[in-house]
Amino acid sequence: MSLKAQIEAEIKQSMLNKDKDRLRALRAIKSQILLAETEKGATAELSPDAEMKLLTKAAKQRKDSLEIYEKEGRADLAEVEKAELNVIESFLPKQLDESEVREAVKKIIADVGASGPQDMGKVMGVATKQLAGKADGKLISTITKEILNS
């Protein structure tokens, strides 16, 4: 089942359950899917990889907004973002924790044959592809820098 069909089914269920928070988040995801499908040069349906990128981007936007709202003391808006983030994350694969990302990056560094900070781009290219949707890019970058500089 495609992400779009899954979202549409969840929207119907949320309407029946009168779950406004979940419904709002699902409609936002559906809107992003429709925008991506109708972009110039887009194919009729999104690939699973494109769907994952879309969800990851939506989750990152919510995390950034949540961080800003919490910093500014806007608990009301932070709650909305947190609820939407939880719904989006339910469609993403389980996120790796820091130690799992560290192990994956170490393996990638060994596979690529990286020896220092000058190989950062080479390592990040492979790491972001392998860990797409499973780990935050900022975390991957931080760990890669740390390992390559040591």
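A search of the whole structure, a predicted model, finds 15 salt bridges. One of them joins Arg 62 to Glu 84. Both of these residues are buried. Arg 62 and Glu 84 also belong to a network of salt bridges. Beyond the charged pairs, there is a largest nonpolar core of 21 residues and a second, separate core of 16 residues.

**Salt bridge between H3 and H4**

- In the pair Arg 62 and Glu 84, the closest N and O atoms are 2.7 Å apart.
- Arg 62 lies in helix H3 and Glu 84 in helix H4, so this salt bridge ties together parts that are 22 residues apart in sequence.
- Arg 62 and Glu 84 are both buried, which means that each has under 20% relative accessible area.
- The network that links Arg 62 and Glu 84 also takes in Asp 21, Arg 24 and Glu 81.
- Side chains of opposite charge can pair when their charged atoms come close.

**Other salt bridges**

- Lys 107 pairs with Asp 111, with 3.1 Å between the closest N and O atoms.
- Both partners lie in helix H5 (residues 98-112). Lys 107 and Asp 111 are four residues apart there, about one turn of the helix.
- Lys 107 counts as exposed because its relative accessibility is 54%, over the 50% cut-off.
- Asp 111 is exposed too, with a relative accessible area of 53%.
- Lys 122 and Asp 119 form a salt bridge through their side chains, at 3.7 Å from N to O.
- Is each partner of this pair buried, or partly exposed? Lys 122 is partly exposed, at 46% relative accessible area. Asp 119 is buried, at 10%.

**Packing of H2 against H4**

- Two packed helices are described by the angle between their axes and the distance between the axes.
- Helix H2 (residues 20-37) packs on helix H4 (residues 75-89) at an angle of about 65 degrees. The two axes are 9 Å apart.
- The crossing of H2 and H4 is right-handed.
- From H2, the contact uses Asp 21, Arg 22, Arg 24, Ala 25, Leu 26 and Ile 29.
- From H4, the residues that meet them are Val 80, Ala 83, Glu 84, Val 87 and Ile 88.
- By class, the residues of this contact are seven nonpolar, no polar and four charged.
- Asp 21, Arg 24 and Glu 84 appear in this contact and are also among the residues of the salt-bridge network.

**Nonpolar cores**

- In soluble globular proteins, nonpolar side chains tend to be buried together.
- Which residues of the largest nonpolar core touch the most other members? They are Ile 7, Ile 29, Ile 33, Leu 55, Ile 88 and Phe 91.
- Helices H1 (3-17), H2, H3 (48-71) and H4 each supply at least two residues of this core.
- H2 gives the most, with six residues.
- Ile 88 touches Ile 29, Leu 55, Ala 58, Ala 59 and Arg 62, leaving out residues up to four places away in sequence.
- The second, separate core has 16 residues, including Ile 109, Met 120, Val 123 and Ile 147.

**Ser 141**

- Ser 141 sits in helix H7 (residues 137-149).
- Ser 141 is buried because its relative accessible area is 17%, under the 20% cut-off.
- Leaving aside neighbours within four places in sequence, Ser 141 is in contact with Met 120 and Met 124. Met 120 is also one of the residues of the second core.

How values were computed:
Residues numbered from 1 in each chain as written. Predicted model: local features only at pLDDT ≥ 70, side-chain atom pairs only at ≥ 80, totals over all residues. Heavy atoms only, no water. Axes fitted to C-alpha atoms, helices over the stretch in contact; angles between N-to-C directions. Left-handed = near helix turned anticlockwise from the far one by under 90°. Contact = heavy atoms within 4.5 Å. Nonpolar A, V, L, I, M, F, W, Y, C, P; charged D, E, K, R; others polar. Core = buried A, V, L, I, M, F, W, Y, C linked by side-chain atoms within 4.5 Å. Buried < 20%, exposed > 50% of the residue type's maximum accessible area, 1.4 Å probe, protein only. Salt bridge = Lys/Arg side-chain N within 4 Å of Asp/Glu carboxyl O.
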